[in-house]
Amino acid sequence: MEKYDVIIIGAGIAGLGVGGILQNKGFKTAVFEKSKVVGGRSRTFELPGGWRVDMGTHCVDQGVHSSCAKLLTELGTDIPWSHNLEGFMFYGEDGKWKPMMESFNLDEVERKELKDFQTWIKNASDEMIDHYDNVSLTKLLEERVKSPKIGEFCKTVGMVQTTLTESDIISAGEFIHIYRDQMRVSKSPDLPFDAVRMPLGGVQTMMNAMAEAYKKRGGTLKLGTPVRKVLVGKSGPTELVTDGGNYSAPIVVIAAPIWNVLRFLDMAAMDQLAPAWAKRMRECEFETSASMGYTIGTKVPLFDDKCYLSAWRVPGLGMPLQILGHTNFDDTIAPPGHMIAFMGACGTPAQVGDAAFRKKTLDQFWVVLNRMFPNMESNLVWKQDGFTIGIDGLSRSPGMTGRYRLPVELSEVPGLYFSGDCYLGRGVGMNTAASSAVICVDAILSKHGK
Ligand SMILES: Cc1cc2nc3c(=O)[nH]c(=O)nc-3n(C[C@H](O)[C@H](O)[C@H](O)COP(=O)(O)OP(=O)(O)OC[C@H]3O[C@@H](n4cnc5c(N)ncnc54)[C@H](O)[C@@H]3O)c2cc1C
């Protein structure tokens, strides 16, 4: 049986991050990935004719200051980045897109209230954020915000941060944390959303760079190799079963989301070894975010804003809206002069998982989008509809962020670790995965450091 110091399951951000750092520290590691390519949910698809299409938005919050960028540095690699996002455009009831500040048309008193609230967030301590992890965004806004306009603005920001559809199910702690860290790197006095960037060439550029860095340091990357079973005993993981053979390592890191883990980890053994953890894993399988919508390619740009286009509720649909024109940030991903745009509506996993609801909503959504962009249909080159359940890991809901998240290690099962956007870590999706990788490595080094 082939033996390694550490085996990692999953070649997404978390798995390649953990593998790369440990390989640097002198461990003999292998990363097993069921797909034939690296990246996991952070993937770019190529369409004939020179289109490189990311799934969804795949903006890296805080760009060059992000946990993702720090992880790349730690792995000894770098990537080219797009320029920064310039903020938000909101869709108004009058059917017009306007910059966020214009759209809200705040008076003197409201402006001061927004400024005071932002200052409070900017100065938030980690302890205060810990306190708000178990509080909803609704409650935070009731506590600290009087103006309904500022309330709606914060709900929209919270929705974009977490892909969750109601402020009741958005954790105030995570909202404050992401907002605070944006403000700390922002150059904009009013709206701290200008530090967001994208890897040029699509998010795959970042994933390929991580994979190359890992291999350069001697890591073994086994693509197209699903792990069918992880066997665990009292003293830790004993064996990994794949179609091509069995492997062993004293340390196994599961860098896959929980909805995958339940399929290959021996849960009967886990029920005996760590019953509370096994119960929680089963309970939160569908505690995640979901969205549906379209990615389109058009002959001409439909809009040229270098912003996130959003609305708390899509008129006629009642769901939150997220739109991003990828080619407004990166002209290398489409034929010259053409546009790629993602247009999504966030829903609950139950809504998005219901085929009849999905079909009806996607049809209505297309009608609304044509109203928003009247030149869309006539300039369409291609369109893909799609949906995702499990966008950015475990929901960032009250009682599920910060210290409440699934742990990266279990005291009952030495040698078994977890990493990724479902586990301990902070920030918007990819940053949660990257920060979780660092937390996981620290936990491993503190017990098994060389
Ligand atoms: C549509 C969409 C839009 C998104 N937009 C953004 C955004 O704008 N900004 C942002 O920050 N985040 C965004 N995200 C979230 C982001 O993609 C994820 O948070 C991030 O990729 C999670 O990385 P990970 O390493 O934790 O997990 P994953 O990327 O899911 O990696 C896990 C890997 O494990 C592999 N695996 C699973 N089971 C097995 C097995 N049995 N054997 C071997 N391998 C296995 C999987 O194939 C996968 O490659 C978006 C996600 C989606 C789906």
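This briefing covers the domains, the nonpolar core and the ligand surroundings of the structure above. The model is predicted, and the domain assignment divides the chain into domain 1 (2-42 + 62-80 + 202-285 + 396-448), domain 2 (100-185) and domain 3 (288-394). Helix 15 (429-448) recurs under each topic below, since it supplies residues to the side of domain 1 that touches domain 3, to the largest nonpolar core and to the shell around the ligand.

**Domain 1 and domain 3**
- The C-alpha centres of domain 1 and domain 3 are 31 Å apart, and 14 residues of domain 1 are in contact with 6 residues of domain 3.
- On the domain 1 side of this contact, helix 10 (258-264) and helix 15 (429-448) each contribute at least two residues, and the residues of that side comprise 8 nonpolar, 4 polar and 2 charged.

**Nonpolar core**
- The largest nonpolar core holds 134 residues, among which Ile7, Val18 and Val253 touch the most other members, while helix 15 provides the largest share of this core with 8 residues.
- Beyond its neighbours within four places in sequence, Val18 is in contact with Ile8, Val253, Ala255, Ser419, Ala437, Cys440 and Val441.

**Ligand surroundings**
- The ligand is surrounded by 38 residues, of which Gly10, Gly12, Gly40, Gly56 and Gly429 are the closest.
- Two or more residues of this shell come from each of helix 1 (13-24), helix 10, strand 17 (380-394) and helix 15.
- The shell is made up of 17 nonpolar, 15 polar and 6 charged residues, and domain 1 and domain 3 each give at least three residues to the shell.

Notes. Residues are numbered from 1 along each chain as its sequence is written. This is a predicted model: local features need pLDDT of at least 70, side-chain atom pairs count only at pLDDT 80 or more; totals for chains, interfaces and linings use all residues. Domain bounds come from an automatic or database domain assignment. Two residues are in contact if their C-beta atoms, placed from the backbone, lie within 7 Å. Helices (H or I, at least four residues) and strands (E, at least two) are DSSP runs, numbered from the N terminus. Ala, Val, Leu, Ile, Met, Phe, Trp, Tyr, Cys and Pro count as nonpolar, Asp, Glu, Lys and Arg as charged, and the others, Gly among them, as polar. A nonpolar core is a set of buried Ala, Val, Leu, Ile, Met, Phe, Trp, Tyr and Cys residues joined through C-beta atoms within 7 Å. A residue is buried if 20 or more other C-beta atoms lie within 10 Å of its own, exposed if 12 or fewer, and partly exposed in between; C-beta atoms are placed from the backbone. A residue is near a molecule or strand if its C-beta atom, placed from the backbone, lies within 6 Å of it.
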